[in-house]
Amino acid sequence: MSFKDKLSSFLFHPKKEELPEEALPEELERTAQEIPEAPAAAPDDPTRLEIPSDHPIRQLHELRQKESGALPYPHLCMDEDGVLPPELLEKEKNRLQSSLKSVCGTRWKAAKGRTRGKHSKKKAESEAAAEAPEEQLIMDARPWFHLSSDKIYAWMLIFPPVGAGAEVSRDMIYQALAAQNISFGLNTALLDRVAHDRDRYFNLYLVAIGKPAFDGRNGNIVDNFPREIQRVLEVNEFGQVDYTALNLICNVEEGQEICHFIRPTEGEPGRTVTNQEVPAKSGKSVPLPKGRNTEISEDGDTLIASMPGHVEFAGSTFQVKPVLDIDGDVDFSTGKIKFVGDVNIKGDVLSGFTVKAMGNIYVGGVVEAGSTVEAGGDLTVVKGILGDGTTVIRAGRCIFAKYIENATIFVRENLQTDCIVNGRIYCDGEVILRSGRGSIIGGRVWAAKRVNASAVGAKSEVKTSIALGGMPCATLEKDLVRKKLVSLAAELERLEAQLDSPAKASLMGKVRMKMSMSELRLKQLEEELDSAREDLKDQDGGRMECGVAYAGTEINMGDEFLRLRQETHQCVAKLLCGEIVLM
């Protein structure tokens, strides 16, 4: 073995093998320059393929080097120009490495297939045959191609010839491309250059890029009004809340645009490097969310209001509800108000008057004693509720009020206020008093989930009751319906004692109808409570959080009862292991 061959073997297959002592320093230096070492690996470069020490491309490279002299180290870069998306490189790198190792292994096995002349089985003939000259296998150069899984990209690597095989040529490359049906998106300039390049072997080239398919964009709806109103009051640095800033009514004029439609786009088909079409999906259309009192424009792209009112998104559609604007107070000039939409009152609700609305109610002033306000949605009272024990307030969603005094409140979701004095509160959500005074003084507050206040009770130890858990509104309504049934039964008994007359028959018919409706409602409430009891078992029974709880405060959770005997700061009350615990 020549000195050059031994050095090449040493560089690619390190062994404890000494170089010939007669090697001159200048010859060693010259030969080492002719046979380059493997470049340092770049583990953070996702475009380069790794070449392990046992990779068959090393043996092929060494074989070519022995036959033709100095040869650059294999350059296996998937994206020399940086045009490929990172996700493609990550996806195709392992596939390419696996395919390359397989084809290199096959070619190396073929290249090792050297044959000798016929040998005798006898030892002498074998020894003679051992000295017989080798007959080397002849293999032409071979362009090898790898296609991405979607056949949009194609890479090429050219294996050098073995022995007296033919060198690669331009015709050989194009014939190999035709054999693989690669005909679209070819980089012909690169292919023509590579055919005559001095370092064309053992390099990876991106030789063809097809046309990726692009799916169309789906249709979209652009809203001009919010689909969900944020019912949150912000507290300023002074602990105050501006209740006038909570405008839950979104006014719209007739013909005003509510939302508009952006049409979907058609997909753009692609083409693989094998000249096959890649289908593309067209974008999906979405319908305009048309609801009550809205209409679609002639071009079909815009949803507009067909009447002035309040825009609300309910279910899956925008709808316009009528809005009743009261410029002043609710008094004898307006009478009692019963409205199917939203009511916007700029003044007060005076004593003895009733306001009922299926939507939201906004009161810019106060709700006075002896009045009744019922909102199917949210209720906002900017200056507070001043009752006398007979004032009743109901809301199907949330209530926001500056203060509440001597009033009965039914709220299906949350209640937020600055102060509650001698109130009777029934809330299926949370009662929050963290702005202004943030105090609950006297009365009874029953919240299903949480009571969060700055202070509960007073230094005078006035009795203040806090009940947590359960279903406050449904439970109280059931009790009221039962009382109503008792009252109707007494009235029916009184009517039966009267003399028969057409008026008596008419009145008894009305009472029986009311009794029938009340019994049906009572049955519905009982079923609702029964079905909810299983869910309530998994809950923790509610929670009370306050900065200070004064003596005289009573806490109820289910059947458990606790009365505070002393002032407690930073108080948190909850039910643990069937017992009320202060934390």
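Mentor: Before we start, contact here means heavy atoms within 4.5 Å, and the model we are reading is a predicted one.

Trainee: How many helices and strands does the secondary structure of the protein come to, and what share of its residues is buried?
Mentor: Taking the secondary structure first, the protein comes to nine helices and 33 strands. Burial is then counted over the 583 residues in the protein, and the buried share is 43%.

Trainee: Among contacts with a separation of 6 or more, what percentage comes from residues 24 or more positions apart?
Mentor: The count leaves out pairs with a separation below 6, and it then asks which of the remaining contacts join residues 24 or more positions apart. For the protein as a whole, that share comes to 49%.

Trainee: In the largest nonpolar core, which residues touch the most other members, and which strand gives the most to this core?
Mentor: This core holds 48 residues, and within it Val431 and Met544 touch the most other members. The strand that gives the most to the core does so with four residues, and it spans residues 404-411: strand S22.

Trainee: Leaving aside neighbours within four places in sequence, which residues is Val431 in contact with?
Mentor: Val431 is one of the two residues that touch the most other members of the largest nonpolar core, and its contact list is not confined to nonpolar side chains, since it includes Arg450 and Asn452. With neighbours within four places set aside, the full list is Leu415, Ile420, Ile425, Val445, Ala447, Arg450, Val451 and Asn452.

Trainee: How many residues are in the other core, which lies apart from it?
Mentor: The core that lies apart from the largest one includes Leu49, Ile51, Leu88 and Val168 among its members. Its size comes to 45 residues.

Trainee: Where is Lys93 found, and is it buried or exposed?
Mentor: Lys93 is found in helix H4, which covers residues 86-111. Outside its neighbours within four places, Lys93 is in contact with Asp45, Pro46, Arg48, Leu49 and Met78. Its relative accessible area is 16%, and the cut-off is under 20%, so Lys93 counts as buried.

Trainee: How many of the 13 residues of H3 are buried?
Mentor: Helix H3, residues 56-68, reaches 19 Å from its first C-alpha to its last, close to the 18 Å expected. The buried residues in H3 include Pro56, Leu60 and Gln65. H3 is mostly covered, and its buried residues number ten.

Trainee: In what order do the three strands of the open sheet lie, and which are the edge strands?
Mentor: The pairing in this sheet is antiparallel, and the order is S5-S11-S12. Each edge strand pairs on one side only, and the two that do so are strand S5 (251-252) and strand S12 (317-321).

Trainee: What is the bridge partner of Val252 in S11?
Mentor: S5 and strand S11, residues 309-314, pair in the antiparallel sense over two bridges. For Val252, the bridge partner in S11 is Gly309.

Trainee: How far apart in space are Pro289 and Thr317, C-alpha to C-alpha?
Mentor: Pro289 is found in the loop between strand S8 (277-278) and strand S9 (294-296), and at 7% relative accessibility it counts as buried. Residues that Pro289 touches beyond four places in sequence include Phe313, Ser316, Thr317 and Phe318. Although Pro289 and Thr317 are 28 residues apart in sequence, their C-alpha separation in space is 4.3 Å.

Trainee: How many aromatic pairs are there, and what is the geometry of the pair formed by Phe332 and Phe353?
Mentor: With ring centres required to lie within 6.5 Å, the count comes to five aromatic pairs. Phe332 and Phe353 form one such pair, at 5.0 Å centre to centre and 80 degrees between the planes, which makes its geometry edge-to-face.

Trainee: How many residues apart in sequence are the parts that this pair ties together?
Mentor: Phe332 counts as exposed at 78% relative accessibility, whereas Phe353, at 9%, counts as buried. Phe332 lies in the loop between strands S13 and S14 and Phe353 in the loop between strands S15 and S16, so the pair ties together parts whose separation in sequence, in residues, is 21.

Trainee: Which residue lies over the face of Phe410?
Mentor: Phe410 forms one aromatic cluster with Tyr426 and Trp446. At 4.2 Å from the ring centre of Phe410, the residue lying over its face is Arg394.

Definitions and conventions: Residues are numbered from 1 along each chain as its sequence is written. This is a predicted model: local features need pLDDT of at least 70, side-chain atom pairs count only at pLDDT 80 or more; totals for chains, interfaces and linings use all residues. Side-chain values use heavy atoms; hydrogens and water are left out. Rings of Phe, Tyr and Trp (its six-membered ring) pair if their centres lie within 6.5 Å; planes under 30 degrees apart count as stacked, over 60 as edge-to-face and the rest as tilted. Buried means under 20% relative accessible area, exposed over 50%, partly exposed in between (1.4 Å probe, protein chains only). A charge sits over a ring if NZ of Lys or CZ of Arg is within 6 Å of the ring centre and within 35 degrees of the ring normal. The expected span of a helix is 1.5 Å times one less than its number of residues. Two strands pair if DSSP finds at least two bridges between them. A nonpolar core is a set of buried Ala, Val, Leu, Ile, Met, Phe, Trp, Tyr and Cys residues joined through side-chain atoms within 4.5 Å.
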